[in-house]
Amino acid sequence: MALVRSLLGARKILGAAITSKNATSAAPKGFLAVYVGESQKKRYVVPISYLSQPSFQALLIKSEEEFGFDHPMGGLTIPCPEETFIDVTSRFQ
């Protein structure tokens, strides 16, 4: 049940990001653009399959807590150190 709730939360966050202007520009089908970093934001294009990963969902929840649904970069912003993002996503297969 918690997984279903997490997936619904991830879809809610993703849906808000996609409706933001420029959120999907240059992201190929099946991928989404995310901006990662604390002060300097770096753009990453990641597979949408990441949305089913619990650790990626945790990053999305942190993003929602910090930014709500107003993402200043025009896409999904994940406010964590770039190294943390790379460490988390490198474990996905």
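## A ring cluster and a helix pair

Let's start with the aromatics: Tyr 44, Tyr 50, Phe 56, Phe 85 and Phe 92 are linked by ring pairs into a cluster. Keep in mind that this is a predicted model. Searching the whole structure turns up five aromatic pairs. Two of them, both involving Phe 56, are set out here.

| Ring pair | Centre to centre | Angle between planes | Geometry |
|---|---|---|---|
| Tyr 50 and Phe 56 | 5.7 Å | 65° | edge-to-face |
| Phe 56 and Phe 92 | 6.5 Å | 80° | edge-to-face |

Why is the pair of Phe 56 and Phe 92 called edge-to-face? Its planes stand at 80°, and anything over 60 degrees falls in that class. The pair of Tyr 50 and Phe 56, with 65° between the planes, gets the label by that cut-off too.

How well hidden are these rings? Phe 56 has a relative accessibility of 0%, so it counts as buried. Tyr 50 comes out at 16%, and since the cut-off for buried is under 20%, Tyr 50 counts as buried as well. Phe 92, the partner of Phe 56 in the second row, is also buried.

What does the pair of Phe 56 and Phe 92 tie together? Phe 56 sits in helix α2 (residues 54-67), while Phe 92 belongs to the segment after α3 (82-89), so the two rings bridge parts that are 36 residues apart in sequence.

Now for the helices themselves. The axes of α2 and α3 come within 9 Å and cross at roughly 150°. Because angles over 145 degrees count as roughly antiparallel, that is how α2 runs relative to α3. The crossing of α2 past α3 is left-handed.

Which residues make the contact? On the α2 side they are Ser 55, Phe 56 and Leu 59, and these meet Phe 85, Val 88 and Thr 89 of α3. Sorted by class, this contact has four nonpolar and two polar residues, with no charged ones. Two names here will ring a bell: Phe 56 and Phe 85 take part in this helix contact, and both belong to the aromatic cluster.

Stepping back to the whole chain, there are three helices and three strands, and along the sequence they follow the pattern α-β-β-α-β-α. The chain has 93 residues, 38% of which count as buried. As for contacts between residues at least 6 apart in sequence, 54% join residues at least 24 apart.

Conventions:
Residues numbered from 1 in each chain as written. Predicted model: local features only at pLDDT ≥ 70, side-chain atom pairs only at ≥ 80, totals over all residues. Heavy atoms only, no water. Phe/Tyr/Trp six-rings, centres within 6.5 Å; stacked < 30°, edge-to-face > 60°. Buried < 20%, exposed > 50% of the residue type's maximum accessible area, 1.4 Å probe, protein only. Helix = DSSP H or I, 4+ residues; strand = E, 2+ residues; numbered from the N terminus. Axes fitted to C-alpha atoms, helices over the stretch in contact; angles between N-to-C directions. Parallel < 35°, antiparallel > 145°, perpendicular 65-115°, else oblique. Left-handed = near helix turned anticlockwise from the far one by under 90°. Contact = heavy atoms within 4.5 Å. Nonpolar A, V, L, I, M, F, W, Y, C, P; charged D, E, K, R; others polar.
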